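Visitor: I am new to this structure and would love a close look at a single part of it. Could you show me the model and then walk me through what you see?

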Amino acid sequence: MELVNNNYYAGNVKLLDVAEEFGTPVYVYDANKIVEKYNKLKQAFKPANVKLKYACKALNNTNILKLLKNEGAGLDTVSINEVHLGLRAGFSPDEIIFTPNCVGFDEIKQAVALGVHINIDNISILEQFGAEYGNKVPCCIRLNPHIMAGGNAKISTGHIDSKFGVSIYQLRHVLRVVKSHNINVNGLHMHTGSDILDAGVFLQGAEILFDAAKDFPDLTFIDFGSGFKVAYKEGDITTDIEELGAAITERCLKFTKEYGRELELWFEPGKYIVSESGYFLVKTNVIKQTTATVFIGVDSGLNHLIRPMLYDSYHTIMNISNPEGKQRVYTVVGNICETDTFGWDRKITETKEGDILCFKNAGAYGITMASNYNARFRPAEVLIYNDKAHLIRKRETLDDLVKNEIDVL
Ligand SMILES: *Cc1c(COP(=O)(O)O)cnc(C)c1O
C-alpha cells in the first residue's frame with residue numbers, strides 16, 4: 001500500500017476506486033504481494049529440497065489457490081471440503097496434504113480415496129488406519145513436541161494441554177501400532193502454532209522430530225508446519241526468514257546425511273503468504289462522541305473480521321479518504337449487536353461519516369472466518385491481478401441467507 005498524490009494504492013490500483021466500484025465492506029487482495037511472499041519463503045529454504053504447502057484455511061478463494069498453484073505451491077488442508085477446493089483449483093492429489101484434527105475415520109477414508117497425503121494426529125485413528133490399509137497406503141504422523149510458541153494461547157498448539165498431534169512422549173505406543181499393522185510411515189509432522197519468533201524454537205522442535213525419525217525408516221519428507229510471524233504493526237518483531245531458512249536448511253542437510261536418504265522438507269505457511277496482501281475496506285457509518293471516547297462506527301463487525309475480538313490481534317486502521325489529515329484518537333467499532341471493537345484509542349486521520357477506512361493485514365483468517373451473524377451478508381472479495389481489480393466473490397443477497405431453509409409454517 002503506497003501513498004501517491006494523497007491517495008493510497010495497492011499496486012497501481014487506487015483503493016478508494018475499489019470501494020467505489022464494488023461497494024463496502026470488501027476484502028481486497030494484491031496478487032503480486034502473495035507471489036512475492038511465496039517466493040521469498042521458497043528462496044530462504046532453497047538449498048534444501050523444500051516444498052511449501054499453502055495452508056488454505058487462511059484464505060481459500062479458488063483464484064488465490066490457482067495463483068499459488070501457478071507458482072508451484074502445494075496445499076495444506078484441514079477438512080475434506082478444503083481437499084475438494086484444492087482439487088477443483090487444479091492441484092493434483094499428491095500435492096495436497098490432509099492434516100485434520102479430531103475428524104471421524106470416514107473423512108480420512110474419503111481423503112484416501114481422493115489420493116491425497118494423509119497426516120494422522122491421534123493413536124485411535126492410526127490404529128483404524130493400520131487395520132484398514134496395512135502398508136498399502138502411506139501416512140504421515142503429526143507429533144506434538146510440546147514446544148511452547150505463540151503470543152496468544154488460543155493459537156498455540158504445542159503446549160501439554162493441546163489437543164493437536166500425538167505427544168512425543170507416546171512415541172513408543174505409536175511405534176507399537178505402526179509395527180503391529182506394518183504401517184508405511186512416509187512423513188513426520190509438527191505444527192507448534194502461529195507466531196514463532198526465532199529460529200531457536202523451530203530448531204528445538206526439529207531436533208525432537210529428527211530424533212524420532214530414526215525409528216521410521218521409510219520417510220520421504222519431514223513437515224515443519226508453520227508459525228512464521230507476520231508484522232501487524234510498526235515495530236513488531238517478525239520471524240527473520242533468511243536467518244531461519246539458513247539455520248534450518250543447514251541442519252536438515254546434515255540430518256539427511258545421518259538418515260542416509262534425501263528427505264523433502266515441507267512447510268505449511270498460511271498467514272505469512274497472504275496476510276499482508278489483504279486490505280479490508282469499510283465505510284464510516286457514524287461518528288459517535290460519548291463521555292469517554294469518540295467512536296467510529298463502520299459498516300462491518302465481528303461477522304466479517306473476528307480476529308481482533310477472538311485473538312486480540314492488531315490491525316492497523318487508516319482513513320484512506322483523508323490520508324494527510326490531522327491525526328485524532330478514535331475507537332473503531334462494528335455495527336453488530338455485540339461488543340465488536342476493532343481497535344481502541346487509535347490514531348487515525350480526521351474522519352467524517354462516509355469516509356472509507358482500510359484495515360491492513362487482512363488477507364489471512366478474514367473472509368474464511370466470516371459469518372452471517374445478525375443476518376448480514378459476508379463481504380465481497382476483489383483480487384488485484386495484472387494491474388486490474390477483479391471481483392472474485394460476489395456480495396451475498398437475501399436469497400443466500402435463506403436458500404437452505406425449509407418452510408413448514
Ligand atoms: C493453520 C495451520 C497452518 C498455518 O498456520 P499459519 O499461522 O497461518 O501459517 C499450518 N499447518 C496446520 C496443520 C494448520 O492447522
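**A loop residue, then the helices**

Guide: Happy to! Let us begin with Glu 324, which sits in the loop between β16 (317–319) and β17 (327–333). Keep in mind as we go that this is a predicted model. Is Glu 324 buried or exposed? Its relative accessible area is 56%, and anything over 50% counts as exposed, so Glu 324 is exposed. Setting aside neighbours within four places in sequence, Glu 324 is in contact with Leu 3 and Asn 6. Tyr 29, by comparison, lies 295 residues from Glu 324 in sequence and 24 Å from it in space, C-alpha to C-alpha.

From there, let us turn to helix α6, which spans residues 123–133. At its start, a side-chain oxygen of Asn 122 comes to within 3.3 Å of the backbone nitrogen of Ser 124. Along α6, the buried residues are Ile 123, Ile 125, Leu 126, Phe 129, Gly 130 and Tyr 133. These residues lie on the same side of α6, because they cover an arc of only 155 degrees around the axis. A general rule helps here: an α-helix has 3.6 residues a turn, so residues three or four places apart point the same way. The cover over the buried residues of α6 includes the helices α5 (105–114) and α7 (171–181), along with the strands β8 (117–120), β9 (139–144) and β10 (166–167). After α6 comes Gly 134, with a positive phi near 50 degrees.

Now for α7, which we have just met as part of that cover. Its buried residues are Leu 171, Val 174, Val 177 and Val 178. Viewed down the axis of α7, they fall within an arc of 125 degrees, so they line one face of the helix. On the face turned away from this buried side, α7 carries the exposed residues Arg 172, Arg 176, Lys 179 and Ser 180. Among the elements covering the buried residues of α7 are α6, β9 and β10, as well as β11 (185–189) and α8 (199–213). Just after α7, Asn 182 has a positive phi of about 55 degrees.

Our last stop is a pair of helices, α2 (residues 31–44) and α3 (residues 62–71). Their axes come within 10 Å and cross at roughly 40 degrees, which makes α2 oblique to α3. The crossing of α2 past α3 is right-handed. Where they meet, α2 contributes Ala 31, Ile 34, Val 35, Tyr 38 and Asn 39, while α3 contributes Ile 64, Leu 67, Leu 68 and Glu 71.

Note on methods:
Residues numbered from 1 in each chain as written. Predicted model: local features only at pLDDT ≥ 70, side-chain atom pairs only at ≥ 80, totals over all residues. Heavy atoms only, no water. Buried < 20%, exposed > 50% of the residue type's maximum accessible area, 1.4 Å probe, protein only. Helix = DSSP H or I, 4+ residues; strand = E, 2+ residues; numbered from the N terminus. Arc of directions from axis to C-beta. Contact = heavy atoms within 4.5 Å. Polar contact = N/O pair within 3.5 Å; in protein donor to acceptor, adjacent residues only side chain to side chain. Axes fitted to C-alpha atoms, helices over the stretch in contact; angles between N-to-C directions. Parallel < 35°, antiparallel > 145°, perpendicular 65-115°, else oblique. Left-handed = near helix turned anticlockwise from the far one by under 90°.
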